[in-house]
Amino acid sequence: MERPKNKFLEELEKGLGNHQDKKSILMEYEVHIEGILIESYDCNDETEMMERIISRLGSPEEIAAMWKEELSVTPSNMKWLFILMNILFFGGGSLLTFFHNVFQWNWLSVIWSHLTAIPVLIALIYMFFWALLGYEIGKGFGHGGRSLLKKTFLLSLIPNLLLMVLTVFEIIPHSWFEPLLTKSFIIACIILTIILYPISLLGYRWGKKASI
């Protein structure tokens, strides 16, 4: 039953191409396949054995594609992905606020009314974004991702702080945020901003466990 193993590894090697970790990946999968061979005493022929290996590990093409995709996820890509996502959130919110207050289109006023009626739901969705940020970094980079998490968090926070400064100094008119800008809403925003990093950190620890 060595031929199914050799065939699988040859196809995987071909699929990996010039992957920098090709040698270690092949060694790892060879160990897995040998374990499957030992357990598969009930297989009658090589075709059945190959099907057993693929059903347990996936096809060589699928495995090669997975490793190539993982190679494209670099710390820099991950950092800028979340920074840009947060900028998009704030950019979209800023444009919505600007157009609503300047042009006062009816259809936009309807959207504005619906969104301002669900601030708690929006806040929960936004908290999920920060938890996801930590989770993806923890899952993708494990223990070494802690410093990446801090850098990504601090850079992603710039739009939040910028909006606060512009609002506090009334560069953005307070009336633009009615009926949101109540005392309780401001306190909630401050508290939520303070807990953003702990939320990201929890997500990071969760992702780190999931990566093992």
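# Close-up views of charged and polar side chains

**View 1. Glu10, Glu11, Glu13, Glu61 and Glu62 form a negative patch on the surface.** The model shown here and in the other views is predicted. Two helices, H1 (2-16) and H4 (60-72), each contribute at least two residues to this negative patch. The most comes from H1, which gives three residues. One of the patch members, Glu10, is located in helix H1. Glu10 counts as exposed because its relative accessibility is 53%, and exposed residues are those over 50%.

**View 2. Lys5 and Glu30 are joined by a salt bridge between their side chains.** The N to O distance in this pair is 3.6 Å. Lys5 belongs to helix H1 and Glu30 to helix H2 (residues 22-39), so the salt bridge ties together parts that are 25 residues apart in sequence. Is Lys5 buried or exposed? Lys5 counts as buried, because its relative accessibility is 5% and the limit for a buried residue is under 20%. Its partner Glu30 has a relative accessible area of 29% and is therefore partly exposed.

**View 3. A salt bridge also joins the side chains of Lys5 and Glu34.** Here the N to O distance is 3.2 Å. This pair links distant parts of the chain, with Lys5 in helix H1 and Glu34 in helix H2, 29 residues apart. Glu34 has 34% relative accessibility, so this residue counts as partly exposed. Which residues are linked with Lys5 in a network of salt bridges? The network consists of Lys5, Glu30 and Glu34. In general, side chains of opposite charge can pair when their charged atoms come close.

**View 4. Arg56 and Glu39 meet through their side chains in a salt bridge.** Their N to O distance is 3.0 Å. Arg56 is in helix H3 (residues 46-57) and Glu39 in helix H2, so the pair ties together parts that are 17 residues apart in sequence. With a relative accessibility of 46%, Arg56 counts as partly exposed. Glu39 likewise counts as partly exposed, at 47% relative accessibility. How many salt bridges does a search of the whole structure find? The search finds five, among them the pair of Arg56 and Glu39.

**View 5. Asn86 and Asn160 are joined by a polar contact between their side chains.** The contact is 3.0 Å. Asn86 is part of helix H5. Where does Asn86 stand in accessibility, buried or exposed? Its relative accessible area is 0%, so Asn86 is buried. The side chain of Asn86 thus appears in this view as a buried residue with a polar partner in Asn160.

**View 6. Trp80 is a residue of helix H5 (residues 75-103).** Trp80 counts as partly exposed because its relative accessibility is 42%, a value in between the limits of 20% for buried and 50% for exposed. Glu170 is 90 residues from Trp80 along the chain. The C-alpha atoms of Trp80 and Glu170 are separated by 30 Å. Helix H5 also holds Asn86, the residue shown in the preceding view.

How values were computed:
Residues numbered from 1 in each chain as written. Predicted model: local features only at pLDDT ≥ 70, side-chain atom pairs only at ≥ 80, totals over all residues. Heavy atoms only, no water. Patch = residues over 30% accessible without salt bridge, like charges linked within 9 Å, V, L, I, M, F, W, Y side chains within 5 Å. Areas by Shrake-Rupley, 256 points an atom, 1.4 Å probe, with all protein chains shown as cover. Salt bridge = Lys/Arg side-chain N within 4 Å of Asp/Glu carboxyl O. Lys, Arg positive; Asp, Glu negative; His and termini not counted. Charge placed at Lys NZ, Arg CZ, Asp CG, Glu CD. Helix = DSSP H or I, 4+ residues; strand = E, 2+ residues; numbered from the N terminus. Buried < 20%, exposed > 50% of the residue type's maximum accessible area, 1.4 Å probe, protein only. Polar contact = N/O pair within 3.5 Å; in protein donor to acceptor, adjacent residues only side chain to side chain.
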